[in-house]
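Student: I would like to go through this model with you and ask, for each label, what justifies it.

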Amino acid sequence: MNRNLRQILLAAMLLSGGSCLSQDIKNSNVTGYAGPARSVDTLKIYSKPLVADLYTADPSAHVFDGKIFIYPSHDIESNAGKNNSGDGFDMKDYHVFSMTSVGGQIKDHGVALDIKSIPWAGKQLWAPDVAFKNGKYFLYFPLKDKQGVFRIGVATSNKPEGPYKAEAAPIEGSYSIDPAVFTDSDGSSYMYFGGIWGGQLQQWEKGIFNPQGSDTDLKQDDQPAITPKVAKLKSNMLEFAEPVRNVEILDEAGNLLKGGDHDRRFFEAAWLHKYKGKYYFSYSTGDTHRICYATGSSPYGPFTYQGVILKPVLGWTNHHSILEYKGKWYMFYHDSELSDGKTNLRNIKVAELHFDKEGRILPMDAMQQEPAKP
Ligand code: FUB
């Protein structure tokens, strides 16, 4: 363990009073980095839910106007039942939250977009994201249309907290779920999206929606896994500038990850961040409940699998975002602590993210409860 890193972590724990955010380091063997398995430090973390009076999930966080703005899903109780199609995630609006320091007060700005105001809405407002360009904020959201097909919509506002007004129709050529928009240093913006099983990505394998398609995956474990998608956005941020492309995730030998590789293949929750000139594509592995990452030298990929960022949390889903704020890196994520493990009633959290000298992210293992004080 790097001595400086240990001191930094200790200082962080003391500053946070050890309550909001606590971290401890364990050594473990993690496979998946290019080359043979190496010993990698694992952080044991505990963070309190950031919001306690609403259920919140899928936090996409960004820095706007010097503050952190968080755009989560707003979970609600639902009678829709549990199934592979995710019918129990029957969300109907978004709240926006902001904070000026990690560990400080969080402000709920109220409802930023309601399903009732979206002209093409069927049901299920899932994980959103927000981008800023030309003085305007763009809220991207997955939603089933009136035919029950997930599309990605966009709504605009002059303020990061909204309220947002939805466009009359979803983004042309968009489908599936979990949009995440990354703007590169040259000002180009890219939307990453997709999710298998309830996110319907497997039903688009032939380029058009297959209503009879599988409700999980393609059942071709020895074939390349279904890839997440990316498309550059036009400068108006309302349309794709190009046909949708596949995001390739490769193993250490340069081969596409296989459909049967459930520990590493993409499931949902795409996110892209850049660190020291390298592009980091991170995502959830769904039914193996991990947040993993892969790196590359272009926003389009290909990306080479590197390892786990966050081990399974309490609840079935695992969904995160990553940002830099005031010189530190953070991962926003969720678990189901407040509902005692109910998968569709989640709460957002934040933990500091650490890179080693080679730019590898230290994996985190989230505890379900604050550790007892010595
Ligand atoms: O919140 C609904 C869905 O659950 C999201 O879109 C997925 O990423 C998963 O977290």
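**Labels and their grounds**

Tutor: Let us start with a pair of residues: F193 stands opposite K229 in β14. The model is predicted, so local features need pLDDT of at least 70 and side-chain atom pairs count only at pLDDT 80 or more, while totals for chains, interfaces and linings use all residues. Residues are numbered from 1 along each chain as its sequence is written, and side-chain values use heavy atoms, with hydrogens and water left out.

Student: What makes β13 and β14 paired strands?

Tutor: Strands are DSSP runs of E with at least two residues, numbered from the N terminus, and two of them pair if DSSP finds at least two bridges between them. Strand β13 (residues 189-193) is joined to β14 (residues 229-232) by 4 bridges, and the two run antiparallel, so the pairing criterion of at least two bridges is met.

Student: Why is the sheet called open, and which are its edge strands?

Tutor: The open sheet has 4 strands in the order β12-β13-β14-β15, with antiparallel pairing. β12 (180-183) and β15 (245-246) are the edge strands, since each pairs on one side only.

Student: How do you know that D58 makes a polar contact with the ligand?

Tutor: A polar contact is a pair of N or O atoms within 3.5 Å; within protein, one must be able to donate a hydrogen and the other to accept it, and residues adjacent in sequence count only if both atoms are side-chain atoms. A side-chain N or O atom of D58 is 2.5 Å from an oxygen atom of the ligand, and therefore the pair satisfies the limit of 3.5 Å. For H319, the side-chain N or O atom is 2.7 Å from a ligand oxygen, and a polar side-chain atom of R346 also lies 2.7 Å from an oxygen atom of the ligand. Taken alone, the ligand exposes 280 Å², of which the protein buries 99%, by the Shrake-Rupley method with a 1.4 Å probe.

Student: What makes up the shell around the ligand, by class?

Tutor: It has 3 nonpolar, 4 polar and 4 charged residues; among the residues surrounding the ligand are W126, D178, E268 and H334.

Student: Where is the cis peptide bond that ends at P163?

Tutor: The bond from G162 to P163 is cis, with omega near 5°, and P163 is in the loop between β10 (150-157) and β11 (165-166).

Technical notes. Near = heavy atom within 4 Å. Nonpolar A, V, L, I, M, F, W, Y, C, P; charged D, E, K, R; others polar.
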